[in-house]
Amino acid sequence: MTQILPPPTATETAEYVQDRVDEGYFRVNRAALVDEQVYEAELRSIFDHSWLYVGHESELPKTGDYLSRTVANRPLIFWRATDGTVRVYLNTCRHRGAMLCRVPTGNARGLSCFYHAWTYASTGELTGLPDAGGYGPDFDRSRFSLRSPARVESYRGFVFCCFDGDAPDLATYLGRAADYLDLVADQSPEMEIVTGTHEYAMDANWKLFVENSLDGYHLLPLHRTYFDYLKEAEGSYMDPRQETRAEDLGTGHAVITVEGPWARPVARWRPAMGEENREYIEQQRRALDEKFGAERGRRIAETDRNLLIFPNLIINDIMGVVVRTITPVSAGRTVVSQWTLATKGEPESVRSRRLDSFVTFQGPGGLASPDDNEACESCQLGFAAREEVRWSDISRGIHKERTGEPFVASDEIQQRAFWRQWQRLVAS
Ligand code: FES
Ligand SMILES: [Fe+2]
């Protein structure tokens, strides 16, 4: 049985991160990546109060469409109700708790609990109560509607929930990160999640994979197989001299921006996209310039971005758009769910190229994701020596915090932004 320890005190937690800009170092105590009491403290202080990604509105195209999701360890139903609105419910029967929805996806005007058949409409009301007379005249059905998280809001089609009713609204929470979500959402008049979820798990702490998803300099050493393939198959290679940027977007959000060597289905044609797609992609590119002006059009089309919406949503907008959540289930175990976001209505040949690039690089069995899993799990194994080797270094580029020089993707300001917010919340 797992022993639940009391949460660490502020003084103990303060030692998890040593943030010493003046002395030129930033480091994290490896206990913060191993101890179960830290994981318990994170659930209470981060996941119970942050806005967390549930899904994208395009995943529910028809009324009645629903998906089951797990967010912050809560089972949820993500459902387009018969009135057309997108709802998020806690997936637990108001009677005795059974999960109302027990399949990953479906379409229904209402759902009936398999245990005693209480039935709920997609708008949440308890509509079916077998042998209702048995409850007597005082039973008030309206008190037994499905419950929702305290807050549910959507930004540009991305639906989030928050279990803290006193949290700021979603747009305020996103702050400067909203601009980067706009760059993703503006790629075409309508974007859609391609049906299907990649789900995989790793024996590593969730924060390692957040760091990895924003890490701008592991690509060449860790993903050599992929870059060798890219060079051979597509003639493109990563130029280490290319210009990159890294930004702390405030309150834990961060982004790195790169102009990668690969083709982007929106809207950077490269020979690997095939001549048959060239006209369509170049026309998309012109449409972006016309709609947003040359500068923003260029930003949308030519730059790749890896965005973190604190604490656990990653959007990797590179050779395709990956929307990824990183969910801890214990200190040493993490579940990753990811989807790909695409231009609605794009030609089949572009879509198939997009999906190909997505699975080749970032699919769970692709040429990169298994490397990242392996690296995170290897770190976790290395932490067994944490009594002797206590600290992980996250100092790269810290001198620029004093000089004001711009950060590049191979700095670690993005990881420090995450850890600083982690420290503020877990230690408060
Ligand atoms: S637990 Fe759902 S009807 Fe009893
Ligand atoms: Fe990677």
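Leaving aside neighbours within four places in sequence, which residues is Q338 in contact with? In this predicted model, the answer is H198, V322, V323 and R324. Q338 itself lies in strand β20, which covers residues 333–343. There are 20 C-beta neighbours inside 10 Å of Q338, and 20 or more is what it takes to be called buried, so Q338 counts as buried. For a sense of distance across the fold, take H253: Q338 and H253 are 85 residues apart along the chain, and 19 Å separates their C-alpha atoms.

Stepping back to the whole chain, there are 428 residues, arranged with 13 helices and 21 strands. The C-alpha atoms fit a box of roughly 75 × 60 × 35 Å when taken along the principal axes. A compact globule with 428 residues would have a radius of gyration near 22 Å, and the protein chain comes out at 23 Å, so the two agree. Buried residues account for 42% of the chain. As for contacts, consider those between residues at least 6 apart in sequence: 62% of them join residues at least 24 apart.

Now to how the helices pack. Two packed helices are described by the angle between their axes and by the distance between those axes. One pair is helix α8 (residues 278–292) with helix α9 (residues 294–302): their axes are 7 Å apart, and the packing angle is about 135 degrees. The two helices are therefore oblique to each other, and the crossing of α8 past α9 is right-handed. On the α8 side, the contact is made by R285, L288, D289 and F292, while α9 brings A294, R296, G297, I300 and A301. Sorted by class, that contact has 5 nonpolar residues, 1 polar and 3 charged.

Another pair is helix α5 (residues 206–213) with helix α11 (residues 369–382). Here the axes come within 10 Å and cross at roughly 135 degrees, which makes α5 oblique to α11. α5 passes α11 in a right-handed crossing. The residues that meet are L208, F209 and N212 from α5 and D372, A375, C376, C379 and Q380 from α11. By class, the contact of α5 with α11 divides into 5 nonpolar, 2 polar and 1 charged.

Two other helices give a look at single residues. L181 sits in helix α4, residues 177–185. With 19 other C-beta atoms within 10 Å, L181 is partly exposed, because being buried takes 20 or more. Not counting residues up to four places away in sequence, L181 touches Y155, R156, F158 and L174. L181 also has I309 at 9.4 Å, C-alpha to C-alpha, although the two are 128 residues apart in sequence. E348 belongs to helix α10, residues 348–362. With 7 C-beta neighbours inside 10 Å, E348 counts as exposed. In sequence, E348 and N277 are 71 residues apart, yet their C-alpha atoms are separated by 9.8 Å.

The loops have some backbone details worth a look. Between β4 (65–71) and β5 (74–80) there is a loop that holds A72, and N73 is found in the loop between β4 and β5 too. A72 is not a glycine, but its phi is positive, at about 50 degrees. N73 likewise has a positive phi in a residue other than glycine, with a value near 70 degrees. Are these residues buried or exposed? A72 counts as buried, with 20 C-beta neighbours inside 10 Å, whereas N73 has 11 such neighbours and counts as exposed.

Another loop, the one between β17 (304–309) and β18 (313–317), is home to P311. The peptide bond that joins F310 and P311 is cis, with omega at about 5 degrees. I309, mentioned above for its 9.4 Å separation from L181, is the residue at which β17 ends.

Definitions and conventions
Residues are numbered from 1 along each chain as its sequence is written. Chains are lettered from A and ligands numbered from 1 in the order in which they are written. This is a predicted model: local features need pLDDT of at least 70, side-chain atom pairs count only at pLDDT 80 or more; totals for chains, interfaces and linings use all residues. Axes are lines fitted to C-alpha atoms, for helices over the stretch in contact, and angles run from 0 to 180 degrees between N-to-C directions. Helices (H or I, at least four residues) and strands (E, at least two) are DSSP runs, numbered from the N terminus. Angles under 35 degrees count as roughly parallel, over 145 as roughly antiparallel, 65 to 115 as roughly perpendicular and the rest as oblique. A crossing is left-handed if the near helix is turned anticlockwise from the far one by less than a right angle, and right-handed if clockwise. Two residues are in contact if their C-beta atoms, placed from the backbone, lie within 7 Å. Ala, Val, Leu, Ile, Met, Phe, Trp, Tyr, Cys and Pro count as nonpolar, Asp, Glu, Lys and Arg as charged, and the others, Gly among them, as polar. A residue is buried if 20 or more other C-beta atoms lie within 10 Å of its own, exposed if 12 or fewer, and partly exposed in between; C-beta atoms are placed from the backbone. The radius of gyration is taken over C-alpha atoms; the globule rule is 2.2 Å times the number of residues to the power 0.38.
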